[in-house]
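User: Please take a close look at the aromatic pairs in this structure. Which rings pair, and where do they lie?

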Amino acid sequence: MNGTNGKESALNDREKLLEQLTGVDSSKLNYYVELKKRNQEVLKQNSRLQILHQLSRDINLDMSVVDILERAFTKLPQTLPCDFLGLVTVKDGALSLKASMPRNFCMIDDFPAHSPSLNVIRQKKGEIFNLPPEDLLHVRHNPGYPGPLRSLAVVPMFKRDEVIGALIVASLSDGAYHQEDLSFVQHLADQLSISILNARLYKEVSRAKKEWEETFKAVTDPIFLIDTDYNVLLHNDRLPAEMSAQWNKVLSSKCFAKLHDRDRPCTSCPLEDVRRSGKPVYRRWQTEGGILLDLSYYPVFNDEKQLSAVTIIFKDVTEKTKMEAQLVHSAKLAAIGEMAAGVAHELNSPMTVIIGTAQMLVRDFPGDVDRDKIEALEDIINCGLRCKRIIQNLLTFSRQDELPTSEIDINEEVERVLSLIRYQINRSQVEILPHLDAELPRINANGPQIQQVLTNFLVNARDALDEGGRPEKIIQVTTGLRRRDKKAWIVLSVRDNGTGIAPETLPKIFTPFYTSKESTKGTGLGLSVSLGIAESHGGTIEVDSIPGEGSTFSLILPLEQL
């Protein structure tokens, strides 16, 4: 047995010797060593790919170049020796250290001709440098950090085919980088180049967008951008106060809800006209508060030439239209003035002859003449004088803008207006009852303008009586003195027993162009102009109205303080 075991042991020893001599064990060892090395390389590459992927996710468009470099610097030591990370840029043919990590690691004022960054940028190809300290004398190292740098991996950074700079990865150790590391650094540089360029583009777009928004908001006229489904996409918050309250109250984004408080699109909406024609549309709109707006609808098309939105511009033309109407009114008054002047010239001479002849006949008649004849001549004289006063009042009224303020008697101005308008109002079976305060002091004012206000009050009162259908139509014209807070005020009131004014309508009556009358009876400017005249005299207009019972309009003008 012992002999047998000895033979087997010897045989095994010979087999092992043969395996050693033939290199079988050696081949297995080398295989596993190589496999382990390759696995480590794969893990290393995977780690680097993960870093690149993580960087692409972590870097935001609103980051600065320094922020981007700092994010990369925190990731690199996981897979590559990195004591310094720098970004060199090219501007006007010169190099500058744009950013570095750590931020105050070093300073470079000038790049010499032999600098690694300049060589890489010229050759457009990455390179590894293991340099002695004397080759990096242009790098002013901060003594607060370990140094100096010994190994550098420098790669170019591209914008398309143009080199815009270089990325420097450096270590304090000799021979820290190998050729496969250079490929990773180049991938990193490409990723950072894209991120930096995207960040710059984002900032340019953001700046342009901000400038556009600031310009958009600086426009004083309201502007809206509305999509084809009536949703308000953008506006510059320039609505008038009256419309802003409604706008902010409504939660819906629909334009018909925010602007008109409706639950469905407006009838004959201009947006439909734009959709059909593809051309700008213009409309005029008067709000409930009396604001007159010109609306311009401009189509916005997408790349496929399809309507994607509509830009709406509001233009407040209330004052402009008011001035135009006043100019027309002034032109009419000027024409009346010229005509009245001609009429006065033509009538004054025969009226003077008629009045003079009648006065001479009265004077020359003997005392025993029939009294009826004398009275007839006196009637001729009185009517002639009344005609001359009417002509003079008409001339004065038509020249109201030419006359400055002066000391006037309000009662006299009332009499002048009544002499002109009484017949016109009496034709409507309206009785005018004047109650004038004979002790009323004189006041400094523009008489013809006061006449204009009173005329407007009387015409409005007559129209209210025409609508009421009352059997007895009365207009009372009253003047008086009011004392309040140690001040005295002249009050000229016109009261009618007509239909009155509804409470919801009362706040709107002084709004330009607002009128409850038919288009043939009014323009909506009378009370607005009258209020302007009152305020120009330091006064105001008060209104007291009860629906179904009548209205009282009072012109309040101040006297000097008592």
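Analyst: The following account describes aromatic pairs and the residues that form them. The model is predicted, so local features need pLDDT of at least 70 and side-chain atom pairs count only at pLDDT 80 or more, whereas totals for chains, interfaces and linings use all residues. Residues are numbered from 1 along each chain as its sequence is written, and side-chain values use heavy atoms, with hydrogens and water left out.

A pair of aromatic rings is described by the distance of the centres and the angle of the planes. Rings of Phe, Tyr and Trp (its six-membered ring) pair if their centres lie within 6.5 Å; planes under 30 degrees apart count as stacked, over 60 as edge-to-face and the rest as tilted. The whole structure holds eight aromatic pairs. One of them joins phenylalanine 224 and phenylalanine 314, a tilted pair with 5.0 Å between centres and 55 degrees between planes. Because phenylalanine 224 belongs to strand β8 (residues 223-227) and phenylalanine 314 to strand β12 (residues 307-316), this pair ties together parts that are 90 residues apart in sequence. Helices (H or I, at least four residues) and strands (E, at least two) are DSSP runs, numbered from the N terminus. Phenylalanine 224 and phenylalanine 314 are both buried, where buried means under 20% relative accessible area, exposed over 50% and partly exposed in between (1.4 Å probe, protein chains only). Phe224 and Phe314 also form one aromatic cluster with Trp247 and Trp285.

Another pair, tyrosine 230 with phenylalanine 256, is edge-to-face, at 5.7 Å centre to centre and 65 degrees between the planes.
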